[in-house]
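Reader: Could you take me through one part of this model up close? I'd like to hear how the pieces there sit against each other, and then whatever else fits around that.

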Amino acid sequence: MLTAIIVEDMPESLALLKQDVMTQHPDIEVVATAQSVVEAAKVLRKTHADILFLDIMLGDGTGFDILEIFPDLKSKIIFVTASDEFALRAFKFAAIDYVLKPYSHEELGLAITRAKEQIRPNQERLAILKDTLVAPEQRPDKISLHTLDKIIIVNLDDIVRCESDSNNTIFHLHDKRRVFVTKTLKYFSEMLRHYDFVRIHQSHLVNLQYISAYIKTDGGYLMLKNGENVPVSVRKKTEIIEILDRMHR
């Protein structure tokens, strides 16, 4: 039997989540609930739980405030967040799982399954999540990358390019490291397109700051500052030329 604590500031949402956990997951006992940072602090000082359902935005603060009060918390965390473009982007950058309100029973079940298997996010990944949520209009400094056996924190400015490898992606870094990540290039293309990364080919995503020149011969390709050449697809040529023109105005 697993135990859970729910921290959610909306009474109806809290009641619904508690009911769903109790009815859909009889192996989990909800041992306590809280509707604010203050209430949650009081609960967590007295009660340990295997899983902590944690709403991001609370009336008297945020879920991060609770994690700062209890830095050594051993509970597996399931973040609960409302549907928001910036929030979803932040969770992706931090590589931290979440459940999106309103959620289905299947989505809740998947979140619980992942929580049972996961290791609690470290402070650096939580900092990425917090910083990206607090200032969604700013370019994130870092991104968390899932490899086959670990999660690596990488500076966005250190990524030279990303290369497709079937349903996976190879990150080529400034220091010559290659990081193999178990997500598609399309996933990262959509995530990074707001931050000076451009998809120049079906298999290539490039950081604009590393482009040295565009060569029109031999089918068209980019010369990068690290000495690599990367092909540009026919349908992307006009877009690349326009981007480079804007960069040099």
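**A helix pair and a sheet**

Author: Let's start with two helices in this predicted model: α4 (residues 85–94) and α6 (residues 123–134) pack with their axes 8 Å apart, at an angle of about 155 degrees. Angles over 145 degrees count as roughly antiparallel, so that is what α4 is to α6. The crossing of α4 past α6 is right-handed.

Who does the touching? On the α4 side the contact is made by F86, A87, A90, F91, F93 and A94, and on the α6 side by R125, I128, L129, T132 and L133. Sort those by class and you get nine nonpolar residues, one polar and one charged.

Now over to the sheet. Five strands make up an open sheet, in the order β12-β11-β10-β14-β13, with antiparallel pairing. The edges belong to β12 (178–181) and β13 (197–201); each has a single partner strand, so one side of each is left without a neighbour in the sheet. On average, neighbouring strands here are turned by 20 degrees against each other, ignoring direction.

Walk in from the β12 edge and you can follow the pairing strand by strand. β12 is joined to β11 (residues 168–173) by four bridges, the two running antiparallel, and T169 has V181 of β12 as its bridge partner. β11 then pairs with β10 over six bridges, again in the antiparallel sense. D165 and N168 of β11 are bridge partners. β10 and β11 form a hairpin with two residues between them, and S166 in that turn has a positive phi of about 60 degrees. Keep going and β10 meets β14: three bridges join them, antiparallel once more, with R161 opposite V206 in β14.

There's a helix to add to this picture. α7 (residues 185–192) lies across β10 (159–165), β11, β12, β13 and β14 (204–207), and runs at about 30 degrees to β14.

One last stop, away from the sheet: H25, in the loop between α1 (11–24) and β2 (28–34). Is H25 buried or exposed? The cut-off for buried is under 20% relative accessible area, and H25 has 14% relative accessibility, so H25 counts as buried. Leave aside the neighbours within four places in sequence, and the residues in contact with H25 are D20, L108, G109 and I112.

Key
Residues numbered from 1 in each chain as written. Predicted model: local features only at pLDDT ≥ 70, side-chain atom pairs only at ≥ 80, totals over all residues. Heavy atoms only, no water. Axes fitted to C-alpha atoms, helices over the stretch in contact; angles between N-to-C directions. Parallel < 35°, antiparallel > 145°, perpendicular 65-115°, else oblique. Left-handed = near helix turned anticlockwise from the far one by under 90°. Contact = heavy atoms within 4.5 Å. Nonpolar A, V, L, I, M, F, W, Y, C, P; charged D, E, K, R; others polar. Buried < 20%, exposed > 50% of the residue type's maximum accessible area, 1.4 Å probe, protein only. Pairing = 2+ DSSP bridges.
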